[in-house]
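Visitor: Can you walk me through this one? I have not looked at it before.

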Amino acid sequence: MEPKTLSVQDFYEKVWGEYADPQHHPITAEGLSVQTRVVARRIREAKPRRVLDLGCGPEPVVRVGSAPLMVAADLVFDMLLHIKETRGGAATCLDARTLPFRDGCFDFLWCGLLIDHIQSPGEWIQELFRVLSPGATMGMACWRRANLPADRYPEDSRMCYTTAVGEELSVESFPTWEAALRILVEKDAGMELESFTIVPDDYVLQIAWIRIPP
Ligand SMILES: C[S@@+](CC[C@H](N)C(=O)[O-])C[C@H]1O[C@@H](n2cnc3c(N)ncnc32)[C@H](O)[C@@H]1O
């Protein structure tokens, strides 16, 4: 049966409650655990004061209390309410493509597995740069597309997903990582890349780190 196609917002409104559940989505859960460890290490090194976890999903990987201000931000309002109730901290419902923040107000930005939902990363990454202060650290994560099972990522424009109750869904997902890297490295020629194999031959988590020039 053809999967039901949803907008990005409708998709995550439907699945956020099960997204990080290790029973249903062990790969996602393991990816989140790796992100949590890697981001915590960068925060310890950079000692930021104002952190944004953009496209945070139901389990923000940045811990409340790891910096004086940590803002979890996402499209999905009910999910953010749940985050507020269970973890506390600041939460903002927004569209990442137009950030409701003033220039230069964050000194650490984490963006996990959001880039493939952004069809044109050029303008969007400039918007990310806008809210970062001089010397800020920015990290981004994305699955390595070439390794992903082709039936789950057909036509290089969609991701297929099976819900916990067996419903087949499809949502826009684009191969925008390489284009994003070209923009990031222009900002910081010292860009660092890390990669973590979550499922051998299939799911490899790629992470890029840059520092905004001081
Ligand atoms: C694949 S999940 C990633 C969640 C978590 N960061 C992780 O790494 O597992 C993508 C998240 O980005 C959010 N998202 C997608 N497009 C967005 C947009 N334009 N603005 C804000 N959030 C967005 C979704 O609602 C979802 O929670």
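Guide: One definition to start: two strands pair if DSSP finds at least two bridges between them. Strands (E, at least two residues) and helices (H or I, at least four) are DSSP runs, numbered from the N terminus. With that, β1 and strand β8 (residues 168-172) pair in the parallel sense over two bridges.

Visitor: Which residue is the bridge partner of K4 in β8?

Guide: L169 is the partner of K4 there.

Visitor: What is the background on the model and the numbering?

Guide: The model is predicted, with local features needing pLDDT of at least 70 and side-chain atom pairs counting only at pLDDT 80 or more, while totals for chains, interfaces and linings use all residues. Residues are numbered from 1 along each chain as its sequence is written.

Visitor: OK, back to the sheet. What is the strand order, and is the pairing mixed or not mixed?

Guide: It is an open sheet of three strands in the order β1-β8-β7, with mixed pairing. β1 (4-5) and β7 (158-162) are at the edges with a single partner strand each, so one side of each has no neighbour in the sheet.

Visitor: How many helices and strands are in the protein?

Guide: The protein has five helices and ten strands.

Visitor: Why does the radius of gyration agree with a compact globule?

Guide: For 214 residues the globule rule (2.2 Å times the number of residues to the power 0.38, over C-alpha atoms) gives a value near 17 Å, and the protein has 16 Å, which agrees. The C-alpha atoms fill a box of roughly 55 × 40 × 30 Å along the principal axes.

Visitor: What share of the residues is buried?

Guide: 35% of the 214 residues count as buried. Buried means 20 or more other C-beta atoms within 10 Å of the residue's own, exposed means 12 or fewer, and partly exposed is in between, with C-beta atoms placed from the backbone.

Visitor: Tell me about α2.

Guide: Helix α2 covers residues 26-46, and its end C-alpha atoms are 30 Å apart, which agrees with the 30 Å expected for 21 residues (1.5 Å times one less than the number of residues). Its buried residues are T28, G31, L32, Q35, V38, V39 and I43. Seen down the axis they fall within an arc of 140° (directions from the helix axis to the C-beta atoms), so they line one face of the helix.

Visitor: Which residues of α2 are exposed on the other side?

Guide: P26, R37, R41, R44 and E45 are exposed there. After α2 comes K47, with a positive phi near 45°.

Visitor: What do the buried residues of α2 pack against?

Guide: They pack against α1 (8-19), β5 (106-112), β6 (132-143), β9 (192-199) and β10 (203-211).

Visitor: Is β6 mostly covered or mostly open?

Guide: Mostly covered: nine of its twelve residues are buried. β6 runs parallel to β5, joined by six bridges, and its M138 stands opposite L109.

Visitor: Which residues touch the most others in the largest nonpolar core?

Guide: Of its 54 residues, A72, F106, L109 and M140 do. β6 supplies the largest share, seven residues. Such a core is a set of buried Ala, Val, Leu, Ile, Met, Phe, Trp, Tyr and Cys residues joined through C-beta atoms within 7 Å.

Visitor: And M140, what is it in contact with?

Guide: Leaving aside neighbours within four places in sequence, M140 is in contact (C-beta atoms, placed from the backbone, within 7 Å) with C111, I115, A180 and A208.

Methods: Two residues are in contact if their C-beta atoms, placed from the backbone, lie within 7 Å.
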